Each structure stands twice: as structure tokens, then as C-alpha cells.
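Student: I've just opened this one and could use a guided tour. Can we go through it bit by bit?

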Amino acid sequence: MLRGILSLLIFPGLAFQVLCGLIFEWIDRKLLARFQRRVGPPWYQPAADLVKLFSKEDLMPEGVYDLVEVLLPLISLSAVLTAGLYIPIAGFTSFSFEGDLIVIQFLMSVPTLAYYLAGIASVGIYSFLGGGRSILQYFSYEVPLLIAISGPAVMAGSWSVAQISQAQLGMGPFVIFQPLGFILAVVGLIGKLKRDPLDIPSASTEVVGGSLTEFSGAKLGFWQLTMNVQAVVGIFLLVNLYLGWLNFTAPLVVVGIFLLECLLMVLVLSGASAIFARLRIDQLAGLGWKILVPLSLLQLGFVILMGV
Amino acid sequence: MVDEIQIDALLAKIADETGCQLERYSGILNEEAIIIPADQLRAAIGVLQTDFDCFHLSTITAQQRETHPGEIELLYQFWHGQGFALLLRLPIPAPEVTSIIDLIPGADFYEREVAEMFGVTFTGRAETPRLLLPGDWDQGPPFIRSEETDE
Amino acid sequence: MNKISIPIGPHHPLLKEPLSMRIDISGERVLGGTLRLGYVHRGIEKMAQQRTYIQDVHLIERICGICSHVHTSTFCLAVEKLLEIEVPPRGQYIRALLCELERVHSHLLWLGILAKHVGLDTVFMHTWHDRELALDIMEGISGGRVSHAANQIGGMRFDLSPEQEELVRLNVEKLKSQVNGVLDVIENEPALRARTQGVAPVSADMIRAYCVVGPVARASGVDVDMRRDDPWPPYDQLDVRVITRPEGDAFARTLIRVLETRESLRLCEVLLENMPDGPVAVRSPRKVPAGEVVTRSEAPRGEVLYYLRSDGSDKPARVKVRTPTLAVLSLLPEQLSAIHVADIPVVLAGIDLCIACADR
């Protein structure tokens, strides 16, 4: 019982994931700043931003459903936190069952749906536009992402993240066999996190703040936390699915390698936002259905053929 | 780059077209101008466009001269290899001139500005919605001199 | 889908200055829009009539926060014509040098804003980093980064010392090599091209109908440039290459600015190389003889026109300023149709808005 509560609240639950989220956000911002010839924020800036958000006045626009506005960020945050529980961290598994990959995928989609609902439940026109865009974007990246991450599952013969991670100890990292799938999964993750260059739903020069335009104070803080934790879970997930290299006995080395892989993922994400311009929604839909989906099917077919 | 427009030829052609006696205005130091009766503006611009291939209206400058407080002067300033202008004089109680935005769509903002600042009515166009002045401005056109505001 | 109307401005992350647009959209398609100016209308034309010519030079510098120098140059030129005085060659050259540096700084600023608008923040940061050097050069010349207070009626308010001249020469060279890298990126970056190529094309006929000026006109193949067409000295001694592109889309508008930045830097070098010796200003009387005059110059955004009428006193009787933004802005409602919502920033950026200029 106590162990359960501890794993919910401390590791690998709330505290650990939020901490990782803040650290990753700082590294990301610092890297991006260096790419852009800026200095970048000090290490405590993400935490300071959150503290500031939570201490700000929480405004509720007239005409919105209060309960919905409050619940949406909380539901999203709990969904991504729950998803995080099923992902092994440096080989350490807290909860696992056959098929948890599907559950993680589902839980990771909850923030997107909540984001959409927040948009259409809001009275603001920019939120409405942002919400509509988020669901359009969801349809463009989600299908190739799902097909791509079923590659490792097929290869490992299991739909449990822990099992897939274990399978790589014997077979070697899956990224070697499925480089294409890995790239597609990264693109899907960028779309899921609504990060530049796929920040179409929240593009500030087009739709101001997207669905979150009317949010403020603690509610916006919870949204920010959701994004941070979602990034952490997504990075952990891809590291477990594609980057193995954990077959060492010394636990410190394993943790070190895991951390290194996570940092590599952060670098990839910041690099992508530094060098690509934002796509238009029609360009993304075209990219998703005309290029990413066929490529992901190709990768999956290749994996299945290899298994036979 | 376009060749310089021949003002004499232009003057003759407009006079020919409208049947009016036209005068040149030589007040501007470095540019030519032709005085046009207000009701012949559209005809003159038609000549400019069809016979001289001149399309570029730089701006419409309005002013109320101290020496002629009873009229508003509109300078339609063109550019065609060199600057030149068509000069219109409108009587003050109700300055009115036909709009040219169907001939030169780019004149829209200039007409609206003149309408706001000098109270000139442009006929033949839908309306001149406020462009520069605040929506609740109710003190009349700011550039018009009146007895009270004169120092 | 139903038609909805979205407000852009007077406060919007897209806008650096207040402007109000209402844009009708249906889904992700834009149907049309209307425009309202005046949020920074300061009545400078009217104020100029109540001040002396000497005060007006400084007032007119406040019309624009980017191309302040070209405004005062054009105004001073008008007054100088009425006074029948001529600026000494050295004064003319320094005046033109600042104009060209201002164009470099304005175009770099614009390229950065375009990159920002399409979500390419890296290019935005790098362009603005290089722009800092352009500002530093101008600061080295005049002491001011944006408002130079360099012009006076009859010439320039200060001379360049030999050391200053050398420093400017070195820095222009440095800026040239530095800026080439980022300009190359902008010219060849596929992501930027994907967002701008073919977006909101404007035909040359449209440009003529709407009396559009400056880089936007040149991007549609209309060959106008007041530096060549109506040159004031020393532009009549310079061989200004006018750059045009036939396409007329947002990408052409980007390329025009890239190429013009290079051309302006070249002109800076030519000006510095041929900088004559001698005085920079002549004395001017306070009262200006009665008369009317029209002067035009090429601001970074296109033709700027000053109409000046003097009644013989020390205050102008009428100052009319036609800024290029007002001319280009009339095209905007026309451009805002049949595009994507995501293209609104690109279209707006293409115009190179300077609302303070347009409002005066």
C-alpha cells in the first residue's frame, strides 16, 4: 500500500515526472537559445515560471462552463501522469501489463482531446480556431505514429513497453532495424507535444494562444505542467521503444546511458524546432497522409517480413 | 522606368476631351500642375490612363489657403517619369467631388483621409468610413480653419 | 462551415504596432477583411504647421521609428529647394550613407519579422543579431540608434572624423560578410520557401491599379525606385541597381529585400569610398520664401512624398506627408482573400507595415 502511494506520488509518479519535465524544459530552452545565439534562461526558470503562473489571478471568462474549464487541465495532467507510471525508467518497472502500450497511447491522446474541448468550450474566437486546428493536426500525426510504434511491438512480440524494452537486451536496439519508424515516431511526438514546427494549434502569430488563449493563473499552470510531463513521458516512451543499449550490469551505467538517450531526444526536439518553419495545416495534412502513413506502413511491412 | 510625361500634350488632350479652357498652375517650384474644373476630374484621369498610360497616383493633398479661405484645394499628385498634379478648387460650405476609386482603386485611402481631415464629400462611392480619426470624434474636420479656432 | 469574423488588432501578437483588422474566415479559408488605422495618429501634419522649420525637422523625425532619417532628409530637401541653397557634397554623402544604412537595418528587421511570422525563430534571432551591427554603425555616426537627429536644413548637423569614417568602413565590411550568411539561408531555406512561395501573388496590373510603391511593387515586376527615377544628390552620381522580380508572391517579396540589402551595403561602400572633403552644411535663414515644392525619396518601404507650402514666414503653411505604407496598405484588403488563415502573417509581413508612418 505505502509502496503504491510512493510510486504514485514520488517515483516514478508525480514528483519525479514533474522534476524531469522542468529539467527537460530548461535543457530544451537553453539549447534552443544557444542555437539562436541567445544566452538562455537560468536553470530555475521553468520552475519560476510555474510558481509565477500558480500565484497569478485566475480569471474565468464570462459565458464558459466553469467546471469544464477547471477539469480539462486536471484530467489531462492526470492522464499523462498515469501514462508515465507504465513506462520503465532505466530498466526499472513499477507497473506493467500486456497491452500497456495501447493504454499509454490512449492516455497520451487525452490532452489533445482536452485541448480541443477547451477550444470549443471557450467563448474566444482564437481558442475556437486553435481547438479546431488541434483536432485536424491530431488526425494527421496520430495514424502514422500509431503504425510506427507498433513496429517495435511486433518485433518484440509483446504490447507491453517493459517487454519491448527487455527484448532489446537480446536483439539490440530497435532503432537499428527501424530507423524510419523512429523518425516517424519523433515527428508524431513533435505533433503530439504541439512543438515547433508542428505548433499549428498554438501558433501565436496566427491564433494568439490557441485553445489556451482564455486560460490564466493556476489553470494555465496545469496546462503547462501537462505539456512538460507529456514531453517527459513521450521521450521515455521512445527511448524504451527504440533505443536499447541497457544491457549492462552496473546500475549506474544503465542510468547514465538512459539519461544520455533522453538528452539526445531533447536535443533532437530542440534541433527540430530551431531549423524548421511552422507548417500550414493543409501542408501537415498532406505530409501526414501522403508521406508519413505510406512510410510507416512500409516500415511495418518490413518488420513483419523480417519476423517471418 | 517610364519616360517623362509631356505636360503640354496632356493639357491639350484634356482640353480637347472636356471642351474646357484649362490653365496651368505654376505655383509649385519643381513640378507642373494643371487646374481642372471639379466636374472634369474623371475625364482628365480617363485621358491620363488611356492616352498617357499613367496610373500612379502618389497622393491627394488637400489644403485651405489663407488667401482663399472660402475654398479647399485638392492636388491629385501623379508620377509618370516626373511628378505633376491636377489641381481642383472646391467651394467651402459643401466641398464635393466625384470619387475616382473605380478608376484608381488605390485612391481609396487618400480620399478617406481628405474626407476626414477636410470634410470633403466624395460622391459616387459607398461611404468613407473613418480611417484615422477616433470613432467618437465630433469636432468637425480638424484641418478646417474656423473663426473660433483661429489664433 | 459558417462564416466567422476574427479580430486582428489593435492588440495581437502578430502586430508590433496597433492596427485593427476584421478578417472573415470560413474554416481555414480567408474570405476578406476590412481595415482601420488611426491608433497612433498624432496629427503630425497639423503640428508641423504650428512649429518653425527648425523644430519641424525634429518633429518629422518622429513620424517613423525605423526610417526616421529618410523623412527628415526629404523634408530638409524640400525646404532647401525653397531656400535655393545646396548642401555641400560631403553633407549629401553622409545623408545618403545614413539612408542606405537605414534601409539595411529596415530590411534586416523585416526579414527577421517574416521568419518569426512563419515560426522560424532561429532565423529571426540571427537576422536581428546582425541588425544590431547596422544599428551600432549608425550609432557610431550619429550617436542615435534609430533617431539620428542628423539632418538640419542646409546639410548635416555633424561631420565624420577620419577615425569615425574608418570605423564605419570597417564595420560595413564586417556587416557585409556577417549578413551574407543569414541572407544565403533566407534565400535557400526550403522551410521558408514552402511557406512563402506562391502565397498571395499580386500581378503588375494590380500594383498599378492600387498605386503600390517600393519593394512590394518591385516584387511584382514593376520597375520603380525613386533613388533612380527622381534622384536627389548624391544618388544622381550613384549607379543604383533596381532589383525586380516577376513572380509577385511572398517569396519574391522576400528575395527583393534580401537582394536590396546587399545592394544597399554595396552603395554604402561606394559612398564611403568616394566621400568628398569639405563642409557638411551651409547656413540657412530662418524664414523661408513663399512657394510650394514637392520632394520624393525612396524610403526602405518605397516612395515617400513631401508636399511643402511656405507663406514666407518661419513656419510652413502646409506639410503633407505621404508615407509608402499607406500606399501599400490599400492592397491589403484585396490580398486578404482566398488565402489560408496561416498565410495572414505572411501577407501582413510582406507589406512591411509601419503603422506609425501610415497614421502620422
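Tutor: Sure, starting with chain A: along the sequence it reads α-α-α-α-α-α-α-α-α-α-α-α-α. This is a predicted model, where local features need pLDDT of at least 70, side-chain atom pairs count only at pLDDT 80 or more, and totals for chains, interfaces and linings use all residues. Residues are numbered from 1 along each chain as its sequence is written, while chains are lettered from A and ligands numbered from 1 in the order in which they are written.

Student: How many helices and strands does chain A have?

Tutor: Helices (H or I, at least four residues) and strands (E, at least two) are DSSP runs, numbered from the N terminus. For chain A that gives 13 helices and 0 strands.

Student: Why is chain A called as compact as a globular protein of its length?

Tutor: The yardstick is the globule rule, 2.2 Å times the number of residues to the power 0.38, and the radius of gyration is taken over C-alpha atoms. For 308 residues the rule gives 19 Å, and chain A is close to that, so it counts as equally compact, with a radius of gyration of 19 Å.

Student: In chain C, which residue of E7(C) is the bridge partner of C:Val293?

Tutor: Two strands pair if DSSP finds at least two bridges between them. E6(C) and E7 (residues 302-310) of chain C pair in the antiparallel sense over 9 bridges. In E7(C), C:Val293 has as its bridge partner C:Leu308.

Student: What is the strand order in that open sheet of chain C?

Tutor: Strands E6 (291-299) and E8 (316-322) of chain C each have a single partner strand, so they stand at the edges. The pairing is antiparallel, and the order is E6-E7-E8.
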